[in-house]
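Here is a friendly walk through one protein chain, written for someone who likes to think in atoms and distances. Please keep the structure open beside the text as you read.

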Amino acid sequence: MADKSSDNSGQSAGIGTRIVKAGRRKEWTGPVVNPPVWRASTHLYEDMAAHTEGPKTNEDGRFFYGRRGAPTQWALAEALTALEPGAAGTMLYPSGVAAIAGTLLAVLRPGDTVLMTDNAYDPSRAMGRGLLKEFGIETRFFDPLDVSAFEAAICQNTRAVLFESPGSLTMEVQDVPAMTAIARERGVVSIIDNTWASPLGFPALERGVDIAVMSLSKHVGGHSDLMMGSASAGPDLYAKLRRRAQSLGQVVSPDDAALALRGLRTLQVRLQRETASALHVTRWLANREEIAAVLCPMLPGAPGHELWKRDFTGGCGLFSFVFHGKTASHRNRFIDAMEHFGIGYSWGGYESLAIPVDPAPLRSLGNWPPAGCYEQDRFGVRLAIGLEDPEDLVADLERGLAAWRNG
Ligand SMILES: *Cc1c(COP(=O)(O)O)cnc(C)c1O
């Protein structure tokens, strides 16, 4: 009889089934459903023969010492690998930013150049200006919407490219399959910050990306109570990520890994609910005269929708919009008037959030706002739609818009 208690679904079953089964090896869970929290620095060896053998075999899933994890962290890493077709392994990091830094430091050397999409998450951009620069690595930004400018930007020293699609705040979708094909031909490693879509919405490695990075603090955790990051890759790059993460001493706590695993099990249903609610809300916003543009590639007719429809298999609740005219203080009144949208960074939790968005000063190429658009309409808001009833969120936005008009 088949052993029904452990994961033998591999990467072939449907994604919902894989999310339920992934990482639940019998030797890690014992007789219960979830792998227990293994709090451990010291791992004890059976005898001297095992001790002599231990340090020589630097493999995943072998007891050695706490810095290389224990079953709780291994189960999470294995589950994330099972969700990313084409991945041979996943490294865990104490935050999403640590995952981005750990990945860039694994593939770049002094003298190299990295290309970065101009709509990358601001701490990624800051890494280019700071950490990487100080280590003799040059960062060049490219227009997320211009494939030929991207190709032209690749030079002799270009070693890696960082995509983020849809990008932070302004949500432009890159033609990742076209750009990664060019990168591969030129021997450039493609990295994506895939936090928005997760592998459920964008199977990055299948689309030509070499390393898929996520902040697990967002959707995977899903409950606004943990910080973590991950990077998944094929065998060669995974080995590089692992070596670099170990040399930097990166490790995540087993308690946080258990929380992340718990969040992961409901990721698909939460994303489906968020996506449906975000579509409900964006359709309503798109018809309001106070709104100049809804920046949400999931919305038919919005910028990036055609590429999104072609390349993505799902969405989430995060998008931005831009007001027609008025001032920052009108926008502040809009946000303050709402009861269900908290004011805070991060997103991907069960609760809705709003933050003000002013992308222009963050850009290097001066391509925001796009030519001919929103010149009078500088003030934006980013909304993270949570699991509340969408009608209540619309009523809240209605309240906010009244405050904006009367402000
Ligand atoms: C939040 C975020 C990160 C960083 O993740 P942390 O876990 O907060 O360090 C990286 N990329 C994107 C797109 C994010 O939104």
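What follows covers the domains, the interface between them, the salt bridges and one threonine. Keep in mind that this is a predicted model.

**Two domains and their interface**

The domain assignment splits the protein chain into domain 1, residues 4-265, and domain 2, residues 268-406. Taken over C-alpha atoms, the centres of domain 1 and domain 2 are 28 Å apart. On the domain 1 side, 40 residues are in contact with 35 residues of domain 2.

How much area is buried between domain 1 and domain 2? The value is about 3200 Å², and carbon and sulfur atoms give 59% of that area. Three residues are worth picking out in your viewer: Leu169, Trp196 and His219 supply 25% of the area that domain 1 buries against domain 2, more than any other three residues.

Polar pairing also features here. Across the interface of domain 1 and domain 2 there are 17 residue pairs in polar contact, with both residues at pLDDT 80 or more. The side of domain 1 that touches domain 2 draws at least two residues from each of α1 (15-21), α6 (122-134), β3 (138-142), α9 (198-201) and α11 (254-264). By residue class, that side of domain 1 divides into 17 nonpolar, 15 polar and 8 charged residues. The count of salt bridges between domain 1 and domain 2 is 2.

**Salt bridges**

Side chains of opposite charge can pair when their charged atoms come close. The structure holds 20 salt bridges, and the table lists some of them with the distance between the closest N and O atoms.

| Basic residue | Acidic residue | N to O distance |
|---|---|---|
| Arg310 | Asp175 | 2.7 Å |
| Arg399 | Asp396 | 2.9 Å |
| Arg25 | Glu27 | 3.2 Å |
| Arg125 | Asp122 | 3.9 Å |

How exposed are the partners? In the pair of Glu27 and Arg25, Glu27 counts as exposed because its relative accessibility is 55%, above the 50% cut-off. Arg25, at 30% relative accessibility, counts as partly exposed.

Arg125 and Asp122 both sit in helix α6, 3 residues apart, which is about one turn of the helix. Arg125 has a relative accessibility of 2%, so this residue counts as buried, while Asp122 is partly exposed at 29%.

Helix α15 (residues 390-406) holds Arg399 and Asp396, again 3 residues apart, or about one turn of the helix. Here the acidic partner is the buried one: Asp396 has a relative accessible area of 0%, whereas Arg399 is partly exposed at 32%. Beyond single pairs, Arg288, Glu290, Glu398 and Arg405 are joined into one network by salt bridges that share partners.

**A closer look at Thr158**

Is Thr158 buried or exposed? Thr158 is buried, because its relative accessible area is 3%, under the 20% cut-off. This threonine lies in strand β4, residues 158-164. A polar atom of the Thr158 side chain lies 2.8 Å from the backbone nitrogen of Cys155. Leaving out residues up to four places away in sequence, Thr158 touches Thr113, Leu115, Ala153 and Val188.

Methods. Residues numbered from 1 in each chain as written. Predicted model: local features only at pLDDT ≥ 70, side-chain atom pairs only at ≥ 80, totals over all residues. Heavy atoms only, no water. Domains from an automatic or database assignment. Contact = heavy atoms within 4.5 Å. Buried area = accessible area lost by both parts, 1.4 Å probe. Salt bridge = Lys/Arg side-chain N within 4 Å of Asp/Glu carboxyl O. Polar contact = N/O pair within 3.5 Å; in protein donor to acceptor, adjacent residues only side chain to side chain. Helix = DSSP H or I, 4+ residues; strand = E, 2+ residues; numbered from the N terminus. Nonpolar A, V, L, I, M, F, W, Y, C, P; charged D, E, K, R; others polar. Buried < 20%, exposed > 50% of the residue type's maximum accessible area, 1.4 Å probe, protein only.
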